[in-house]
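Visitor: I'm new to this one, and I'd like a close look at a single part rather than a tour of everything. Could you pick a helix and walk me through how it sits among its neighbours?

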Amino acid sequence: MKTIYSIAVFLSLLVAGCKSEPTLQRYFVENTENKDFIAVDVSPSILNLDKAKLSVKQNEALESFDKMNVLAFKLDETNKAQFEIESAKVNLILKNTKYQQLMKYGSGSIGASVSFVGTDEHIDEFVLFANNNDAGFAVIRVLGKDMNPNTVIELMSVLKDSNIDMAQLKPLQEMFKK
């Protein structure tokens, strides 16, 4: 009897652990090879910075930034229905309480939102979701460790002074040329 009880507990924990709640990470993985999407991973090296010229706070902000994942859906005349489905999937994922919305913008056929995962002082991920009903959408995940709003502001100041390596963004440029 004790063995059956142990097996039942193990199986219930296994089922609970395999909960298939949608996440952005899973969404990225599932759509990386989809022909309607372009996926790009961007490392901090894209910024081409001279770290010696940065302030202590700017260096700390840069150190907290691990990478950025970009997934973009290019809308065309053949995939409008798929665009609607995929956009709804992303919106559903971002409604999860794990993603705390910082701001939302919308005007006509264009919209954007910024969300984060973590606490105010220990942010692990920022998510930008930009949607244009005439062109497509992009989901950008900025991943890091112990980021906070001040870190992001410092990171933005670093971006102003960076010499961005456009080669890492070439797949996105090619997608939107067509």
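Guide: Let's take helix 3, which covers residues 56-64; its buried residues are Q58, A61, L62 and S64. Look down the axis of helix 3 and those buried residues fall within an arc of 160°, so they line one face of the helix. Keep in mind that this is a predicted model. The background here is simple: an α-helix has 3.6 residues a turn, so residues three or four places apart point the same way. Now turn to the face of helix 3 that points away from the buried side, and you'll find V56 and E60, both exposed.

What do the buried residues of helix 3 pack against? They pack against strand 2 (65-74), strand 6 (136-147) and helix 5 (149-160).

Let's follow one of those neighbours, strand 6, a little further. Strand 6 pairs with strand 5 in the antiparallel sense, over nine bridges, and a hairpin of three residues joins the two. Within that pairing, I140 of strand 6 is the bridge partner of L128. On strand 5, L128 also stands opposite V114, which brings us to strand 4. Strand 4 (residues 110-119) and strand 5 (residues 122-132) pair in the antiparallel sense too, over ten bridges, and they form a hairpin with two residues between them.

So there's your trail: from the buried face of helix 3 to strand 6, from strand 6 to strand 5, and from strand 5 to strand 4.

Key
Residues are numbered from 1 along each chain as its sequence is written. This is a predicted model: local features need pLDDT of at least 70, side-chain atom pairs count only at pLDDT 80 or more; totals for chains, interfaces and linings use all residues. Side-chain values use heavy atoms; hydrogens and water are left out. Buried means under 20% relative accessible area, exposed over 50%, partly exposed in between (1.4 Å probe, protein chains only). Helices (H or I, at least four residues) and strands (E, at least two) are DSSP runs, numbered from the N terminus. The arc is that of the directions from the helix axis to the C-beta atoms. Contact means heavy atoms within 4.5 Å. Two strands pair if DSSP finds at least two bridges between them.
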